[in-house]
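Here is a model to read step by step, through questions and their answers. Please look over the sequence and the fold before going on.

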Amino acid sequence: MNFARCFHAPAKTPRQLPSRRGALTVEVAICLPILITFLFACYEVAHANMLLHATESAAYEAARVGIVPGAKPAKIREAAAFVLNSVGVRNFTLTMTPDPITTKTNSVKIVILVPFRGNTAVSQMFVRDPTFRGQCELTRETL
């Protein structure tokens, strides 16, 4: 007796197989838009997170420049712009308190606002507050 024949299913001819023509096309047509939407959403969340942290970092760096005796507003703005330009921020608003900085200033507070509009690849319709805010207040150094 031949045991190999007992464990093998008989081979089906192409006429006996069920027709699956176009099944792959339908599956791709359903899954691909969902996958692409998910990938763009992941990209946008990561980009928004990067903008938020860059805004906070720029506020800190600007405040570090501002607490040094003899700090000029142009240098403070330049320090913030350096950090924000490194991540591709096109426009931002910097507010310095007090303005101007004098020798009697005790602390320096920097507030940076970066609008989400114009700094992202996709629409901002899923963001509740479309402006990122970074602020830092540091005590002034003395000589």
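Q: In this predicted model, which residues of H2 are buried?
A: To count as buried, a residue must have under 20% relative accessible area. The buried residues of H2 pack against H3, E1, E2 and E3. By that cut-off, the buried residues of H2 are Glu44, His47, Ala48, Leu51, Ala54, Thr55, Ala58, Ala59, Ala62, Ala63 and Gly66.

Q: At which residue of H2 does a kink lie?
A: Helix H2 has 44 residues, and the 64 Å from its first C-alpha to its last is close to the 64 Å expected at 1.5 Å a residue. There is nevertheless a kink of about 30° in this helix, shortly before proline 33, and the residue at which it lies is cysteine 31.

Q: Which strands stand at the edges of the sheet, each with a single partner strand?
A: The open sheet is formed by three strands with antiparallel pairing, in the order E1-E2-E3. One side of each edge strand is left without a neighbour in the sheet, because each has a single partner strand, and these edge strands are E1 (93-97) and E3.

Q: How many bridges join strand E2 to E3?
A: Strands E1 and E2 pair in the antiparallel sense over five bridges, and in E2 the bridge partner of threonine 93 is leucine 113. On the E3 side, valine 114 has phenylalanine 132 as its bridge partner. Strand E2 (residues 107-115) and E3 run antiparallel, and the number of bridges that join them is nine.

Q: Along strand E3, which side chains point to one face and are buried?
A: In a regular strand the side chains alternate between the two faces of the sheet. Strand E3 (residues 131-139) shows such an alternation, with Thr131, Arg133, Gln135, Glu137 and Thr139 pointing to one face and not buried, while those that point to the other face and are buried are Phe132, Gly134, Cys136 and Leu138.

Q: Which element gives the largest share of the largest nonpolar core?
A: This core has 27 residues, and those touching the most other members are Ile76, Leu84, Phe92, Leu94, Ile110 and Ile112. The elements that give two or more residues to the core are H2, H3, E1, E2 and E3. Leucine 84, leaving aside its neighbours within four places in sequence, is in contact with residues including Ala54, Thr55, Ala58, Phe92 and Ile112. The largest share of the core, seven residues, comes from H2.

How values were computed
Residues numbered from 1 in each chain as written. Predicted model: local features only at pLDDT ≥ 70, side-chain atom pairs only at ≥ 80, totals over all residues. Heavy atoms only, no water. Buried < 20%, exposed > 50% of the residue type's maximum accessible area, 1.4 Å probe, protein only. Helix = DSSP H or I, 4+ residues; strand = E, 2+ residues; numbered from the N terminus. Pairing = 2+ DSSP bridges. Core = buried A, V, L, I, M, F, W, Y, C linked by side-chain atoms within 4.5 Å. Contact = heavy atoms within 4.5 Å. Expected span 1.5 Å × (residues − 1). Bend = angle between axes of the 7 residues up to and from the residue.
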